[in-house]
Amino acid sequence: MSVKVISGDHAVAYAAKLARTEVVPAFPITPQTLIVERLAEFINDGELDADFIPADSEHSAMSIAIGASAGGVRAFTATSSQGLALMHEMLYAVPQCRLPIVMANVNRSLGAAAGIWVEHNDSMAERDSGWLQVYVEDNQEALDATLMAFRLAEDRRVLLPVMVCLDGFILSHTVERVEVPGQEEVDRFLPRFEPCTVLDPAEPKLINPIVPPEYAMEMRYQLDRAVDRSREVIAEVDAGFGKAFGRSYGGLLDTYRLEDADFALLTLGTATGLARAAVDELRSEGKRAGLIKLRFMRPFPFQGLREKAEGLKALGVLDRSVSFNGGGPVYTEVAAALCNVPTIVTGHVAGIGGRDIAPDHMREMFALVERAARGERVRPVTWHGLRGEME
Amino acid sequence: MSEMGTIKDMPANDMFVSGHGACPGCGMAVAVKNIMRILGADTTVYVPASCLVVISAMYPTSSFRTPFLFTAFENTGAVTTGIRAAQRRRGLRSTVVGLAGDGGTFDIGLQALSGAAERNEDILYVCLDNEGFMNTGIQRSGATPFGAWTTTTPVGKKVEGKREFKKDIMAIVAAHDPPYAASLSIAHYNDFIKKVEKAKSKQGFRFLHVLTPCVPGWRSDSSMTVEIARLAVETGMWTLYEVEDGNARTTYKPKAMLPVTDYLKLQGRFRHMEDADIAQLQEWLCAKWYLHYGDEIEQPVCAMLEKGKRMRYPHEEQLHFV
Ligand SMILES: Cc1ncc(C[n+]2csc(CCOP(=O)(O)OP(=O)(O)O)c2C)c(N)n1
Ligand code: SF4
Ligand SMILES: [Mg+2]
């Protein structure tokens, strides 16, 4: 183990290196660039024995990753925003082919009103692709989640691709203290990749033919079950990681001062750190505030959330993206999970297009959730930090 | 490596077997069957969205006896890159071949093709050119010839058929300076076999461009597929050559140019063409002919064209035939 002061992007690059990634197809996009640049350096310096393939686009990068994974080697790539959107078509091929590709997505706003700053509308748009999605809070978690992603993806009970999502700039380009595990420790945690189905002339196999209606529905159902079953493996991998490296993250979700809370906020990504501070402040004022940190958007922890929400009078959900006219995607998911329990769920949109989420906004959210917990009527969805009034 | 040389030496060990769903008389199926025979069992196949994937890989059956992968339409150059990288790392000896249509090569797949060619990936890229998006019902592609009817270049009252000439994909590929690129005809078997063998034996990016007549798309008789492929060469609509390490070489030269109408009249897709359009196509062909075969011998067909109207064939400066 060594301690380094590195950016979130570099933390991810170290993880991909420690995982002994074998093929790295890549196409640059801010704020992902530091990941693939660092990997190119590792490879050219002889520190990582891998093929760096400068693809002609993100669509091709994912296509190359698919070919490499179906060819039986560990493939890793990284992208962001427009790049992820360009990959969209190929993303859908990966889970159904059961290819355990790992990819980092550095969250950045997608589409017009264009910018390079953090928003989750890029990866949230891919939540129904079949990829598992984990969102991280800091650079250490970026490294750890990437390492765990390989183990999770390649587990024979899972065999699904994993997308590690980290907030653009807030993590990608900000340095923090990160414990970088040693290669031997990682080798013990992450065994050599043993592919399940391989394109090998010695044993010819047909991967992904055209599937008529007589079979396609069952295949989709199997995929749905595989995504659901990955919940158990996530818990297992998280515990195993804790044993090996002394850090674990709660699996699908984590909580903070939730035990006796009356009201709480649910966050994902870097907003979690700010929310922790707000909870501490509220607690010091004698208020029973708590926090749920959602880690995995897929598989979504429906059951885990119901258990955690027990006893909560109200739960606010922070979204860093919008599902137009319906609040945010996390809000609608949480509301669905809690539809049969008495907890009131409120939606909170903030940090869009890279707008800072300030401590004041956090207090504002908690104040609304507290009012909802007291039985007051509040808007179902509130935008925080708008310059101007909500109508 | 043993030279096959002629059709009699072809291994009978088929890697693309019968039972597939191609139309009777499909030129693409003929090309694939023979390419796969020559490539043999140590081959890994990628097929993008196209007629071929639909006719050969409908779950739970397959016409390929080799490993096979399909994912999408525009990524043949990319997926084959990934497969090859993996197989090289795993120490597998296998020809990785992408069997793509003209749409998947000239149009939507051009970027991935260019990427793979520019990186000189160790893959064999085959373009099965039936001159249109056939799988989706005969729409125009960059490979569709001038004048041809397709469902998106209909014969209307104002505009009749495609107004643009066929894109020169060989010149585009050759501009990447690959180790090998060749055009093939299913009517010229010895030439066909030699080129596939040569492509198989080389390393780096290899490109084979095969003209594959399509019965419903070309509105032709299923018994005439090979004859149409032969006439394509005799009229100059198709030229047989190879580019090896930068040198272009004609591999078959017809004795004299047949008028393009000999080719057009066997295909319903050209039936509507009026004299002016036919003359324009003939002119284009003459320029192409002289570029490939030299202009020492004036072709009678071309001499009939109005003097001074001879058009320049694109890329005249770029390709140097030896
Ligand atoms: C991104 C995308 N756009 C469109 C299609 C629909 N599509 C499937 S096959 C095809 C035509 C294929 O044409 P070509 O490559 O020439 O092969 P052919 O069927 O003619 O052999 C089209 C348009 C698709 N599958 N994917
Ligand atoms: S439509 Fe044309 S290319 Fe497709 S199978 Fe039929 S003949 Fe072959
Ligand atoms: Mg076609």
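Which residues of helix 5 (residues 110–118) of chain B are buried? They are B:Ala112, B:Leu113, B:Gly115, B:Ala116 and B:Ala117, and View 3 comes back to them. This is a predicted model, where local features need pLDDT of at least 70, side-chain atom pairs count only at pLDDT 80 or more, and totals for chains, interfaces and linings use all residues. Residues are numbered from 1 along each chain as its sequence is written, chains are lettered from A and ligands numbered from 1 in the order in which they are written, and side-chain values use heavy atoms, with hydrogens and water left out.

**View 1. Chain B as a whole, with 12 helices and eight strands.** Helices (H or I, at least four residues) and strands (E, at least two) are DSSP runs, numbered from the N terminus. With a radius of gyration of 19 Å, close to the 20 Å that the globule rule gives for 322 residues, chain B is as compact as a globular protein of that length. (The radius is taken over C-alpha atoms, and the rule is 2.2 Å times the number of residues to the power 0.38.) Those C-alpha atoms fill a box of roughly 60 × 40 × 40 Å along the principal axes. Buried residues make up 60% of the 322 in the chain; buried means under 20% relative accessible area, exposed over 50%, and partly exposed in between (1.4 Å probe, protein chains only).

**View 2. The magnesium ion (ligand 3) and its donors in chain B.** B:Asp102 (OD), B:Asn130 (OD1) and B:Gly132 (O) coordinate the ion at 2.0 to 2.1 Å. Along the chain, the donors follow the spacing D-x27-N-x1-G. Donors here are N, O and S atoms within 2.8 Å of the metal (3.2 Å for Na, K and Ca); water is not among the atoms, so sites may look incomplete. B:Asn130 counts as buried at 9% relative accessibility, and B:Gly132 is buried too, at 4%.

**View 3. The packing of helix 5 of chain B.** The buried residues of this helix pack against helix 3 (58–70) of chain A. On the chain B side, their partners include helix 3 (76–89), helix 4 (103–107) and strand 4 (124–129). Contact means heavy atoms within 4.5 Å. Just after the helix, B:Asn120 takes a positive phi of about 50°.

**View 4. B:Gln299 in a loop of chain B.** B:Gln299 sits between helix 11 (275–293) and helix 12 (300–303). B:Gln299 is buried, with a relative accessible area of 5%. Leaving out residues up to four places away in sequence, B:Gln299 touches B:Ala256, B:Met257, B:Trp289 and B:Tyr290.
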